[in-house]
Structure formats: C-alpha cells, structure tokens
Amino acid sequence: MATTADETRAGLPTPHTIRLPGIVLGVGLGGFLDGILLHQLLQWHHMLSSTNHDRIGVRYYNPHTVPGLEMNTVWDGIFHAVCWIAVLLGLAILYARVTHDRRRVWGSRVLWGWILVGWGLFNLVEGVLDHQILGIHHVHSGPEQAWWDAGFLILGALLVAGGYLLQRGGAPSGPEAPRATGHG
C-alpha cells in the first residue's frame, strides 16, 4: 500500500515506520519465550549447558550440579537482561515513531507481523550462532539434538515468512486510517 506525503505529514504510521520497533520487540519477546520455556520450565538447556562439546573452549559448567547450575543460571540471567533491554528499546522506538492513536497500533497486523519477524530472526541468529557455530548449547541435548536444532531453525524461518506475510496484509493505522465498522 502506497503512502502519500499527506498521510506521512498527518502522522500516519506506515508499515516502514513500525518495522524496526516491531522487529526489536520480536527479538526480545522471542528471547524471553526461549528462556522461560526452554531454560526454566522444560529445563532442556541453559546458556552454557553444552560447553563440554563447544567449539570455542568455554569451561564446562555441568547443569546437573549445584555449582554448574549456579553459573548457568547467571548466564541465563544475562541472556534475560539482554532480552529485557531489547523489549524496552523496541517500546521506546515504537513510542517515538508513533505519535497518534498508539492504542490502535497494538491491534495492527503490521506491528504483529514485524514482531513475528523479529522472533523468527532471534531463532535464526541464536540457532546458528549458539547451536551451530559456538556449540554452547542445543535446543535439547542428546542423540536427537541435530533434529531439535534444525526444528528451531525451521520454526525461525516460518516465523519470519509468516510475520512478513501478516504485515504485508495489514494496513497502516493512525488518525487518518479508515476505522473498522461493524458490531463485534
């Protein structure tokens, strides 16, 4: 959908305007989901749980011992702090770029599409860097770990593609955007 100069001057957020904050929010939220679900609830891995087989020589901290779990928990906390900063940064950029009708933006397919793209990019970068290149942890260690790691990358690619398609089908939102009519 083309955006006219009049729409831009009127403060109408375009899909381009909320791309960066959406992606940054998606990276942070995707990281939180990974950390909460895989690190804490399922306890499949921690940040350093595969360093006995890593490719960079990081000391091994066995997550099945108290001292090892303590060190892995510290690094999980650093990971969560980075995710938190990404979410705050994404919110700050979004707030700065969207000057009107901010509430409607949260219902925008464009924003949620870019958030899914960011989540998928998190999976792809984290999966390639931590699982493949550095080898500091895997999605689920064991004889099937290559399949779990591949599934994580495939999920990331699907999130990027799905998010991109979702945002393409969305319309800009703002004070000049057409409002939905109907009773629901």
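Begin by selecting Trp112, which counts as partly exposed because its relative accessibility is 37%. Keep in mind throughout that the model on your screen is a predicted one.

**From Trp112 to its partner**

Add Trp106 to the selection, and you will have a tilted aromatic pair, in which Trp106 and Trp112 lie 6.2 Å apart from centre to centre, with 55° between the planes. Trp106 is also partly exposed, since its relative accessible area is 36%.

Now widen the selection to Trp84, Ile85, Leu88 and Leu91, which join Trp106 and Trp112 in a nonpolar patch on the surface, a patch with about 610 Å² of accessible area together. Which helix gives the most to the nonpolar patch? That helix is H3, with four residues. Leu91 is a good residue to pause on, for its place is in helix H3, and it counts as partly exposed because its relative accessibility is 34%.

**The whole chain**

Clear the selection and show the chain as a cartoon, where you should find six helices and zero strands, so that, read from the N terminus on, the elements run α-α-α-α-α-α. Of the 184 residues of the chain, 41% count as buried. The chain exposes about 10,500 Å², and carbon and sulfur atoms supply 67% of that area. If you look at contacts between residues at least 6 apart in sequence, 77% of them join residues at least 24 apart.

**Into the largest core**

Next, select Ile18, Ile23, Leu25, Val87, Leu94, Val98, Val105, Val110, Leu111, Trp114, Ile115 and Val117, the twelve residues that make up the largest nonpolar core. Helix H2 (19-41), helix H3 (66-97) and helix H5 (109-134) are the elements that give two or more residues to this core, and H5 gives the most, with five residues.

Within this core, centre the view on Leu111 and show what surrounds it: leaving out residues up to four places away in sequence, Leu111 touches Ile18, Gly22, Leu94, Val105 and Trp106. Trp106 has therefore come up twice on the tour, here as a contact of Leu111 and earlier as a partly exposed residue with a relative accessible area of 36%.

**An aromatic pair between helices**

Staying with the largest core, select Trp114, which is buried because its relative accessible area is 8%. How many aromatic pairs are there by the rule used here? The count comes to four, and one of them is the tilted pair of Trp106 and Trp112 that you have already seen. Another, edge-to-face, is formed by Trp114 and Tyr164, at 6.2 Å centre to centre and with 70° between the planes. This pair links distant parts of the chain, as Trp114 is in helix H5 and Tyr164 is in helix H6 (residues 145-168), 50 residues apart. Unlike buried Trp114, Tyr164 counts as partly exposed, because its relative accessibility is 38%.

**Along helix H6 to Gly156**

Move along to Gly156, which is found in helix H6. Is Gly156 buried or exposed? Gly156 is buried, because its relative accessible area is 0%. Apart from its neighbours within four places in sequence, Gly156 is in contact with Gly120, Asn123 and Leu124. Try a distance label between Gly156 and Gly120, which are 36 residues apart in sequence and yet 3.9 Å apart in space, C-alpha to C-alpha.

**The second core and Leu38**

A second group of buried nonpolar residues is reached through Leu38, which is found in helix H2 and counts as buried because its relative accessibility is 8%. Leaving aside residues up to four places away in sequence, Leu38 touches Leu33, Gln43, Trp44, His45, Val139 and Phe152. A distance label from Leu38 to His140 should read 8.5 Å, C-alpha to C-alpha, although the two are 102 residues apart in sequence.

**Last stop: a salt bridge**

Finally, select Asp101 and Arg104. Side chains of opposite charge can pair when their charged atoms come close. Asp101 forms a salt bridge with Arg104, in which the closest N and O atoms are 3.6 Å apart, and the count for this model comes to one salt bridge. Asp101 counts as partly exposed because its relative accessibility is 26%, and Arg104 is partly exposed as well, with a relative accessible area of 25%.

Note on methods:
Residues numbered from 1 in each chain as written. Predicted model: local features only at pLDDT ≥ 70, side-chain atom pairs only at ≥ 80, totals over all residues. Heavy atoms only, no water. Core = buried A, V, L, I, M, F, W, Y, C linked by side-chain atoms within 4.5 Å. Buried < 20%, exposed > 50% of the residue type's maximum accessible area, 1.4 Å probe, protein only. Contact = heavy atoms within 4.5 Å. Areas by Shrake-Rupley, 256 points an atom, 1.4 Å probe, with all protein chains shown as cover. Patch = residues over 30% accessible without salt bridge, like charges linked within 9 Å, V, L, I, M, F, W, Y side chains within 5 Å. Salt bridge = Lys/Arg side-chain N within 4 Å of Asp/Glu carboxyl O. Phe/Tyr/Trp six-rings, centres within 6.5 Å; stacked < 30°, edge-to-face > 60°.
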